[in-house]
Amino acid sequence: MARSAGLFLVKLSNSEEPLFLLLQASKHPHHWSPPKGHIDPGESDLEAAIRETEEETSYKRETFEIMENSMDQISYLITESVAHPEDVGKMKTAVYWLARMSDEASNVQISSEHTNMKWVTLEEAHEKLTLPGMSDLLKKYAKLLQERH
């Protein structure tokens, strides 16, 4: 089973609704997702999520706060993968945490793995996220934000 880890980065402000960072993959099918990637040997899920977020967005660890008890995961069948064609037909588990941006003035510098990025509202995120289980995970995170805000 393939496994990856990432962070749902969120910007919060008192006057606006939460905004979530989504990245568009540079390879077909150009899907949108939060920063995530494969877990290296000897690396914990959380270590991989932080490393992948730093690599894909240039955000350093000190610019976001990982929210307690926010770890969740989705599993789905890989139907297409240009990056790892050997994974097609396998199940994949993606582990995520919700992370609040502490330095909201930081600019994203996306890696070559992505062609676009966008801070989106909850409604926009539901429209862009196409991986199975992603929309349900986002609903859980939105509820968690409401409870803590």
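Modeller: Buried means under 20% relative accessible area, exposed over 50%, and partly exposed in between (1.4 Å probe, protein chains only). This is a predicted model, in which local features need pLDDT of at least 70, side-chain atom pairs count only at pLDDT 80 or more, and totals for chains, interfaces and linings use all residues. Residues are numbered from 1 along each chain as its sequence is written, and side-chain values use heavy atoms, with hydrogens and water left out.

Biologist: Is S58 buried, partly exposed or exposed?

Modeller: S58 sits in the loop between α1 (45-57) and β5 (64-66), where helices (H or I, at least four residues) and strands (E, at least two) are DSSP runs numbered from the N terminus. Its phi is near 75°, a positive value in a residue other than glycine. Because its relative accessibility is 28%, S58 counts as partly exposed.

Biologist: Is N69 buried or exposed?

Modeller: N69 belongs to the loop between β5 and β6 (72-77). The phi of N69 is near 55°, again positive in a residue other than glycine. Its relative accessibility is 73%, so N69 counts as exposed.

Biologist: Which element gives the most to the largest nonpolar core?

Modeller: A nonpolar core is a set of buried Ala, Val, Leu, Ile, Met, Phe, Trp, Tyr and Cys residues joined through side-chain atoms within 4.5 Å. The largest has 24 residues, and F8, F20, Y96, L98 and M134 have the most contacts inside it. At least two residues each come from β1 (2-13), β2 (16-25), β6, β7 (91-101) and α3 (134-148). With 6 residues, the element giving the most to this core is α3.
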